[in-house]
Amino acid sequence: MSNQKLFFDALTNANFPPPDGLTETSLLGAISSMPLQERFNVYRNNVFHSLIEALKAAFPLVEKTVGTAGFKILAHDFAREHLPSNPVLYTYGQHLPDFLEQYAPLSHLGYLPDLARLEVSISAVCDAPDHQTYPAQKLAALTETEISKLCLDFAPCVRIQASPWPIHMLWAFLNDKGDDPIMKPQEIMVFRHDFSPIVRLLPPGGFTFLEALKAGKTLGESMQIVEASGTVMPPESMQSIFNDVMQHDLVKSVTIKG
Amino acid sequence: MGELPHISSGDAEGLLNSYLGVGYKPVHFSELYGSGTNKAIEHVGWIEVHAENYMGRGGLLPARLRALQETYSLSLHGVGLSLGSEDGLDKEHLTRLVELVSDYSPFLVSEHLAWSSHGGRYLNDLLPLPYTNEVLDRVCRHVDEVQSALGRQILIENPSTYLGFDASHIPKPTFLESMANRTGCGLLLDVNNIYVSCRNSGVNPDDYLDDFPVNRVVEIHLAGYAEDQTPEGVLLIDNHGGPVSPPVWDLFHRLIGKTGYLPTLIEWDTNIPDWNILHKEVLKAREVMSAAHQAYSLEKAG
């Protein structure tokens, strides 16, 4: 077994002693009184403290919900099971929502995984690569038939989420922008505009509509998919979503199908 | 090393300012950007960021960094290449670094003499290496690989250490010098790391500095440390969470007396203070560097 494998295993298992071959002594033979275990713990603490801090930065609303102490325990438990796969730590924590689905100590907060998903989306849209935008005014000359055949290539700074929980109300409440949430499913679109994240409540069917559009369906086909799902979405709702998407520069390019 | 593009030619004040840098934190954007072209007031010539915080990223952070590049030179300081890794370099991560360096054209690129990845998992710390011939060969191979991919020199920093290895048989300064000689890399000398490591291992920091290959040093880091008090004694922790300590300023003075002006960075990564507190550290570095440089110039002239 490699030396670094032994070091790695000891570092990531709190009950493991430091591996053999380490010393408090320098090459000059001087000895400091601090025991080896204490010295090794500096590295162990550095690793987990820094990962907990990275998660705190990415999930402020989850932390606000469970409290500072509770979040620290949660983050430590998560980090032990899910070490980062690379050093780009601003993307770390994408598996936290799924981890929360199985995390017994917080299972009474059923909405927590979806709240974490919202925070993953907020980070993702804030950090998404910059993109060229499609000028909305170019669409002004299109006929209604041509518009129904439009396919939109979305920018990477747009995410959608459908939740059985009042996810938009939760977000507003935790940001001191709304009243106590009442129980109902909600759908949202999260996007970046002028460098800031915007969390937009979608009308019923809005998620299905945008999901179809993002999958490459035309506007007309996407409306049909919404109708087939049994959801009634008035044309003005579709128009409102479409306008939102175009006015906030969330489309890279458009094509007219067939 | 690239050029320091913001040197004010013929102006001694401007020349000194051009060597002074700060680790840039987004919370200080307004103060740094607000200084605009009047940067002499702030006495800051360059900024440094952790490379990983900007890799593949769009949005506000990179936009602001590019705005700051109009006034300040930029240094990219990597923390994730894991140059001492037994696994070899992570090619995807190296590609990210190549793209970042190509996008931002920094005047300095640096990394650490450490390892941090194993088996496809990343430990967010600079883990220690035994100083052996085998490890020297491995690190040199990886430094060569990085410099070849980037098409430029990188600097390697001496990290703080809290323990040693029975297997080590090469003194750390000798190890660093051999690495620099074999690969052509420069050294980033973190003065706080010298002090922390020496205190933790019972070595005299002045002796260590005397042994250090200062002629290979291209950049200097200054930072604060914390003291971990336990019943068994005190361990110094390199936490970058406070002002530079007096003995580290003394070591810095001795170092500049040996090297003359070098790009010098104030690092403050945790418990990040208001700008005016950070700026005081820059002014202190300026004062020490100026005084030490006079001694250096006199010695050279003599």
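About 1,500 Å² of area is buried between domain 1 of chain A and domain 2 of chain A, and carbon and sulfur atoms give 64% of this area. On the domain 1 side, A:L61, A:P97 and A:L109 lose the most area to domain 2 of chain A, and together they make up 38% of what that side buries. The model described here is a predicted one. Within chain A, domain 1 covers residues 1-109 and domain 2 covers residues 111-258. The contact between them draws 17 residues from domain 1 of chain A and 14 residues from domain 2 of chain A. Taken over C-alpha atoms, the centres of these two domains are separated by 37 Å.

The next step is to consider how chain A meets chain B. Here 45 residues of chain A are in contact with 50 residues of chain B. The two chains bury about 4,100 Å² between them, and carbon and sulfur atoms give 62% of that area. On the side of chain A, the residues A:Q4, A:Y43 and A:P87 supply 19% of the area buried against chain B, more than any other three residues.

Attention may now turn to the nonpolar interior. The largest nonpolar core holds 170 residues, and the members that touch the most other members are A:V245, B:M179 and B:L222. Helix α2 of chain A, residues 36-58, gives the largest share of this core, 11 residues. Domain 1 and domain 2 of chain A both contribute residues to this core, so the core lies between them. Apart from the largest core lies another one, of seven residues, which include B:L108, B:L155, B:V218 and B:L265.

One member of the largest core, A:V245, can be followed in more detail. Neighbours within four places in sequence aside, A:V245 is in contact with A:L152, A:F154, A:M189, A:L210, A:L250 and A:V251. A:D244 is found in helix α11 of chain A, which spans residues 235-247. With a relative accessible area of 12%, A:D244 is buried. Residues up to four places away in sequence not being counted, A:D244 touches A:M189, A:F191, A:R200 and A:L250. Both A:M189 and A:L250 therefore appear among the contacts of A:V245 and among those of A:D244.

Cysteine residues raise a separate matter. How many disulfides does a search of the whole structure find? The search finds zero over all chains. Two cysteines of chain A illustrate the reasoning. A disulfide requires a pair of cysteine sulfur atoms within 2.5 Å. The sulfur of A:C126 has its closest cysteine sulfur in A:C157, at 9.6 Å, and because this is too far, no bond is counted. For A:C157, in turn, the closest cysteine sulfur is that of A:C126. A:C157 is itself buried, with a relative accessible area of 1%.

In chain B, a set of strands offers a clear example of parallel pairing. Strand β1 of chain B comprises residues 20-23. From this strand B:L20 and B:V22 point one way, whereas B:G21 and B:G23 point the other way, and all are buried. Strand β1 of chain B pairs with strand β13 of chain B, residues 264-266, in the parallel sense over three bridges. In this pairing the bridge partner of B:V22 is B:I266 in strand β13 of chain B. Strand β1 of chain B is also joined by three bridges to strand β2 of chain B, residues 46-50, and these two strands run parallel. In strand β2 of chain B, B:W46 stands opposite B:G21.

Two further residues of chain B complete the account. B:P130 is placed in the loop between β6 (121-127) and α5 (133-150) of chain B. Is B:P130 buried or exposed? With a relative accessible area of 15%, B:P130 is buried. Leaving aside neighbours within four places in sequence, B:P130 is in contact with B:V135, B:F165, B:A167 and B:S168. The C-alpha atoms of B:P130 and B:I47 are separated by 32 Å, and these residues are 83 residues apart along the chain.

B:R182 is found in helix α6 of chain B, residues 172-183. At 47% relative accessibility, B:R182 counts as partly exposed. Residues up to four places away in sequence not being counted, B:R182 touches B:L136, B:D137 and B:C140. B:L15 lies 167 residues from B:R182 along the chain, and the C-alpha atoms of the two are separated by 32 Å.

Conventions
Residues numbered from 1 in each chain as written. Chains lettered and ligands numbered in written order. Predicted model: local features only at pLDDT ≥ 70, side-chain atom pairs only at ≥ 80, totals over all residues. Heavy atoms only, no water. Buried < 20%, exposed > 50% of the residue type's maximum accessible area, 1.4 Å probe, protein only. Helix = DSSP H or I, 4+ residues; strand = E, 2+ residues; numbered from the N terminus. Pairing = 2+ DSSP bridges. Contact = heavy atoms within 4.5 Å. Core = buried A, V, L, I, M, F, W, Y, C linked by side-chain atoms within 4.5 Å. Domains from an automatic or database assignment. Buried area = accessible area lost by both parts, 1.4 Å probe.
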